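This report introduces a protein model to a reader who has not met it before. The sequence and the structure are shown first, and the description follows.

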Amino acid sequence: YSKTIQDAFDQGKTVLESVISFDGNYLKKHNLVSQNIKLDKNGHALQKRAFAGKLDQMKLRLAIMNGLERMADRKINGKNRFENLAYVGVIQVDTKQVHCHLAMVDLGSGNTVFTKGKLEQKGVLNKHDRQTLRRGIDNSLDQYQTVRQLSSDITKERQNAKSFVKRYTERAIKESSLSQIIMASLPENRKLWRAKSNSREMVRANEIVKF
């Protein structure tokens with residue numbers, strides 16, 4: 001895309017350059033960096049390069065891409081804000097704050113104005129563009145948090161189910177005769193009644209005895 005943007009610039013298109021800065025507390029909130037990184041009151045790391053090698057760049061890149069897509073698709077008088085947005089970006093982590101440097105260009109006709117009698121593309125991101133971009137990034141990261149929480153809940157449910165079965169077995173052993181429980185778990189075929197049996201029908205009985 002870098003060559004595409006350079007070619008567009010050479011053809012008279014307006015290239016938009018922008019920097020997105022991410023507060024350290026924001027990165028921690030969305031689990032993009034370690035919670036152990038120490039920050040000052042402004043959300044900056046206390047040490048330079050504190051985020052290097054500790055940032056989930058893939059998650060952040062996807063969120064930024066989502067924000068850019070939303071910004072490009074924002075409707076103005078029934079038309080998309082950007083007709084055909086092309087962009088390149090790089091995430092900088094060698095300072096006390098994480099930055100994303102972007103270069104963008106509308107390969108379509110874009111939002112144009114007359115300047116000195118010549119039709120040119122607008123070269124700035126306005127307030128609404130920035131708001132839409134931020135909202136898109138936020139929504140993407142919030143959605144990931146929801147999926148992550150759901151995955152965690154499923155794991156907890158499985159653990160709870162195992163604990164329930166264990167407690168139920170313990171209670172059954174206390175309230176009933178152990179021999180009766182084992183007999184009820186044994187298969188009808190007595191030839192399989194061996195402790196070292198690999199038969200699937202003996203699994204439950206062996207589990208109870210080993211429990």
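What volume does the largest pocket have? In this predicted model, the volume of the largest pocket is about 240 Å³. Its lining is made of 13 residues, and those closest to the centre of the pocket are Ile 20, Ser 21, Phe 22, Arg 134 and Ile 137. Two elements, strand S1 (15-22) and helix H4 (127-175), each contribute at least two residues to this lining. Sorted by class, the lining residues of the largest pocket are 7 nonpolar, 2 polar and 4 charged.

The overall architecture gives these elements their setting. The secondary structure of the protein consists of 6 helices and 7 strands. Read from the N terminus, the order of the elements is α-β-α-α-β-β-β-β-β-β-α-α-α. The protein has 211 residues, of which 31% count as buried.

The charged side chains are considered next. In general, side chains of opposite charge can pair when their charged atoms come close. In this model the count of salt bridges is 4. Three of the pairs are set out below.

| Salt bridge | Closest N to O distance |
|---|---|
| Lys 3 and Asp 7 | 3.0 Å |
| Arg 74 and Asp 129 | 2.8 Å |
| Arg 81 and Asp 129 | 2.9 Å |

The pair of Lys 3 and Asp 7 belongs to a single element: both residues lie in helix H1 (residues 2-10), 4 residues apart, which is about one turn of the helix. Their surroundings can be described by accessibility. Lys 3 counts as exposed, with a relative accessibility of 59%, whereas Asp 7 is partly exposed, with a relative accessible area of 29%.

The other two pairs share Asp 129 and connect separate parts of the chain. Arg 74 forms a salt bridge with Asp 129. Because Arg 74 lies in the loop between H3 and strand S2 (75-76) while Asp 129 lies in helix H4, this pair ties together parts that are 55 residues apart in sequence. Arg 81 also forms a salt bridge with Asp 129. Arg 81 is placed in the loop between strand S3 (79-80) and strand S4 (85-92), and Asp 129 in helix H4, so the pair ties together parts that are 48 residues apart in sequence. Arg 74, Arg 81 and Asp 129 are thus linked in a network of salt bridges.

Are the members of this network buried or exposed? Residues under 20% relative accessible area count as buried. Arg 74, at 18% relative accessibility, therefore counts as buried. Arg 81 is buried as well, with a relative accessible area of 6%. Asp 129 has a relative accessibility of 0% and counts as buried.

A nonpolar feature is found on the surface. Met 58, Leu 62 and Met 65 make a nonpolar surface patch of about 300 Å². One of these residues, Met 58, is found in helix H3 (residues 57-73). Met 58 is exposed, since its relative accessible area is 56% and the cut-off for exposed residues is over 50%.

Key: Residues numbered from 1 in each chain as written. Predicted model: local features only at pLDDT ≥ 70, side-chain atom pairs only at ≥ 80, totals over all residues. Heavy atoms only, no water. 1 Å grid on protein atoms, 1.4 Å probe; cavity = no way out; pocket = protein on both sides within 12 Å on 5 of 7 lines; lining within 4 Å. Points joined across faces, edges and corners; volume = space filled by probe spheres on them. Nonpolar A, V, L, I, M, F, W, Y, C, P; charged D, E, K, R; others polar. Patch = residues over 30% accessible without salt bridge, like charges linked within 9 Å, V, L, I, M, F, W, Y side chains within 5 Å. Areas by Shrake-Rupley, 256 points an atom, 1.4 Å probe, with all protein chains shown as cover. Salt bridge = Lys/Arg side-chain N within 4 Å of Asp/Glu carboxyl O. Buried < 20%, exposed > 50% of the residue type's maximum accessible area, 1.4 Å probe, protein only.
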